[in-house]
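The following exercises concern a predicted model. Please work through each task before reading its solution.

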Amino acid sequence: MDDPVKIVVESTPNPNSVKFVLNRTVVEQGSEFYDASLEGERSPLAQKMFKVPGVKDLLLMKNFVSLSRDPKKKWEEIAPKVEEVLREHFK
């Protein structure tokens, strides 16, 4: 059985961005950036993340997802839903 998905939420210098660090590989190499206007058309994970109200853009790297929010939404509303999406996607 695989280890459970672990997520550590880290703040960034930008109050509208947060980093979700996982014990899973998010992107094998390099990075991927998605803007809500494109709705992550090439990434199943990005498509799921953009269904969370307030998610504005995503940066996917080796073992983390950095996302920016719509400043009108509070992190308290967004973060639990993002964690739920990540746990479901990487289970």
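**Exercise 1.** Determine with which residues serine 43 is in contact, leaving aside its neighbours within four places in sequence, and decide whether serine 43 is buried or exposed.

*Solution.*
1. With those sequence neighbours set aside, the contacts of serine 43 are Glu32, Tyr34 and Leu60.
2. Serine 43 belongs to the loop that lies between β3 and α1 (44–49).
3. The relative accessibility of serine 43 is 6%. Buried means under 20%, so serine 43 counts as buried.
4. A polar atom of the serine 43 side chain lies 3.1 Å from the backbone nitrogen of alanine 46.

**Exercise 2.** Establish the strand order of the sheet and explain why one side of β1 and of β3 is left without a neighbour.

*Solution.*
1. The open sheet is formed by 5 strands, with antiparallel pairing, in the order β1-β2-β5-β4-β3.
2. Because β1 (7–11) and β3 (32–35) stand at the edges, each has a single partner strand, and one side of each therefore lacks a neighbour in the sheet.
3. From one strand to the next, the twist averages 20°.

**Exercise 3.** Describe how β2 is joined to β5, and identify which strands helix α2 touches.

*Solution.*
1. Strand β2 (residues 17–22) and strand β5 (residues 64–69) run antiparallel and are joined by 5 bridges.
2. Within β5, phenylalanine 64 is the residue opposite valine 21.
3. Helix α2 (residues 75–90) packs on the sheet and touches β1, β2, β4 (55–61) and β5.
4. The direction of helix α2 makes about 30° with that of β2.

Conventions. Residues numbered from 1 in each chain as written. Predicted model: local features only at pLDDT ≥ 70, side-chain atom pairs only at ≥ 80, totals over all residues. Heavy atoms only, no water. Pairing = 2+ DSSP bridges. Helix = DSSP H or I, 4+ residues; strand = E, 2+ residues; numbered from the N terminus. Axes fitted to C-alpha atoms, helices over the stretch in contact; angles between N-to-C directions. Contact = heavy atoms within 4.5 Å. Buried < 20%, exposed > 50% of the residue type's maximum accessible area, 1.4 Å probe, protein only. Polar contact = N/O pair within 3.5 Å; in protein donor to acceptor, adjacent residues only side chain to side chain.
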